[in-house]
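User: Please take a close look at one part of this model. I would like the surroundings of a single residue first, then whatever connects to it.

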Amino acid sequence: MKFMKLGSKPDQFQSDGENIRYVATEFASDVIIIVGDVKFYLHKFPLLSKCSVLQKLVSESNDDEINVSNIPGGPAAFEICAKFCYGIVVTLNAYNVVLARCAAEFLGMHENVEKGNLVYKIDVFLSSSIFRSWKDSIIVLQTTRSFLPWAEELEIIRHCVDSIALKATTEPSKVEWSYTYNRKKLRSESGNDSQWNGVMKQHIVPKDWWVEDLCELPIGLYKEVITAIRATGVLSPDIIGESLIAYASRKLPGLSYGSIQGQDVEKLRFLVDIISSLLPEEKGSVPCGFLLSLLHSLIILDCKETARTKLMQSISKQLQDATVSDLMFSSPNGEMALYNIDVLHELVRMFVDQAESQDDSESSDGSKSKVARLVDDYLAEAARDPLLSSSQFIGLAEMVSGFPRSSHDAIYRAIDMYLKEHPDLSKNEKRRICQLMDCRKLSTAACAHAVQNDRLPLRVVVQVLFFQQSGNGGQPPGFPSLLARGSYGSSRSATTNSDEDWDADHDQRQEKTTSDSRSSSGDKASRKKMKKIFARLWSNKERSSEHSGSDTDSPASTNAEETKEMIKAAGQIANQMQKKLQLTR
């Protein structure tokens, strides 16, 4: 730390109790300076020769007592100025230089009063030492908040901010001063550098070397520094993002988990609002996980709607990078539901709007696929909420129903979990929920689970069985489609497939290994038997529907023996699928 010594005489200031200070000399004091609760018994000559304000006050007063209680810095600041006037040794450093500078300005200790006065000496010290030091500039900037508006009017804050911004944007190879860096060690610092070979190498300075030291600043000053750094255009947005993450971690620990009890909510709201306003607009400059944590904070603290919308726009640009745990927003206070699904619904809506405006279809498809899987996994977790309505579940799932998916196992898992946690759903609700799933895109393991899942409507089980037995090639005539409309990259909108498709699928299956051929030949009788059952079952179902006019899932309207026969055959097929799974493993 830089420092400057002024004066040469030993310290002669002494105390008489807590509120009286005097100079121990043979001369009696002839003026009393009152600063707050403290009285200084001093001498006019050394003070008036350097302080124009005291000259004026003494000349206008008929009393020996002069009150300067409004001096910035109080008694401590005045004592530094008084000692300078007496020629007593005074040591200035980064912690007290702002205090002394503001007090000297207040007392009028300028060059027009006496050459080499205190204001001049402090300004030289600031420009030649303090503002050239990285850590001293930060310390001085921290102290300025106690001396507003003086520090601002004297441009001490501006000089500190400019100095810090200049050093933060310095090429890392030219950084020669000390800094704090505890977040991660470089390979050369940990001794694991493969190119060490016993030869001392030049210390490598990381690009974000300055991030941790700025975490010591209060939020208002931190904002000024970050704004100045960004204005230079030297540093990349991801480095600015690193600084914001480090600052939020220091100032807002645990806030994303709702732990704000006992804290100043207004102060936290102010912090979160400013951090949000400083986020770079460039996509990927800040990790999606951090943005979602910040959104948690904005919602918990009930921050401005504009700040929340702007943040959600940034999140939606990289929603494919989010995790399910990041998206489990708790419901607002006063609501009984476990999760606030409306937040994700709005994020997905924004993502869809942005995806539609993108020109790069290849990258867009990749992002859509990830978001679809993310929503499926989210619904599987949110399904545990007993107050999650079927309309909410279906509404969110349908937003990504047109997104490409290589498999529908994840949405099947979400549907199964929802049916399990909500056993009182109507038949129509179950039907609508199951329409979200494409049975042709279920894996063998998922099919094996589905055909034995008594929570699924019977027609869904029958459809899964048919597609599994027919190699996922199509569906029988008159088979009611349970597939969602408008599936992206799939044949969900079609109700039947052509004969050529069936033949192609059959030819592909014939090209399997010899062992698979022997296994499949053993299933021919079961397939023929199941197809006959499907035809009779759905024929009876349709005739029953014509009379009842209702869309029922109950098998009671079919022949009881046929239903039993179908269930028995379904069990046999499920066992066969499980055996195949065990063999492939």
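Analyst: In this predicted model, Trp210 touches Trp134, Ala168, Ile226, Ile229, Leu235, Ile239, Ile240 and Ser243, leaving aside residues up to four places away in sequence. Trp210 also ranks high in the largest nonpolar core. That core has 162 residues, and Ile33, Leu42, Trp210 and Leu214 touch the most other members. As a rule, nonpolar side chains in soluble globular proteins tend to be buried together.

Follow the contact to Trp134. This residue is one of the buried residues of H6. Helix H6 spans residues 134–143 and is mostly covered, with eight of its 10 residues buried. Besides Trp134, the buried set holds Asp136, Ser137, Ile138, Ile139, Val140, Leu141 and Thr143. The cover over these residues includes helix H4 (97–107), helix H8 (156–168), helix H10 (211–214) and helix H11 (219–232). At the N-terminal end of H6, Ser133 acts as a cap: a side-chain oxygen lies 3.3 Å from the backbone nitrogen of Asp136.

Now turn to Ile33, named above with Trp210. Its bridge partner in E5 is Phe40. Strand E4 (residues 31–35) and strand E5 (residues 38–42) run antiparallel, joined by five bridges. Both belong to an open, five-stranded sheet of mixed pairing, ordered E2-E3-E5-E4-E6. Strand E2 (13–15) and strand E6 (65–67) are the edges; each has a single partner strand, so one side of each lacks a neighbour in the sheet. From one strand to the next, the twist averages 25 degrees. Helix H3 (residues 74–86) lies across E2, strand E3 (20–23), E4 and E5, and runs at about 10 degrees to E5.

Notes: Residues are numbered from 1 along each chain as its sequence is written. This is a predicted model: local features need pLDDT of at least 70, side-chain atom pairs count only at pLDDT 80 or more; totals for chains, interfaces and linings use all residues. Side-chain values use heavy atoms; hydrogens and water are left out. Buried means under 20% relative accessible area, exposed over 50%, partly exposed in between (1.4 Å probe, protein chains only). Helices (H or I, at least four residues) and strands (E, at least two) are DSSP runs, numbered from the N terminus. Contact means heavy atoms within 4.5 Å. A polar contact is a pair of N or O atoms within 3.5 Å; within protein, one must be able to donate a hydrogen and the other to accept it, and residues adjacent in sequence count only if both atoms are side-chain atoms. A nonpolar core is a set of buried Ala, Val, Leu, Ile, Met, Phe, Trp, Tyr and Cys residues joined through side-chain atoms within 4.5 Å. Two strands pair if DSSP finds at least two bridges between them. Axes are lines fitted to C-alpha atoms, for helices over the stretch in contact, and angles run from 0 to 180 degrees between N-to-C directions.
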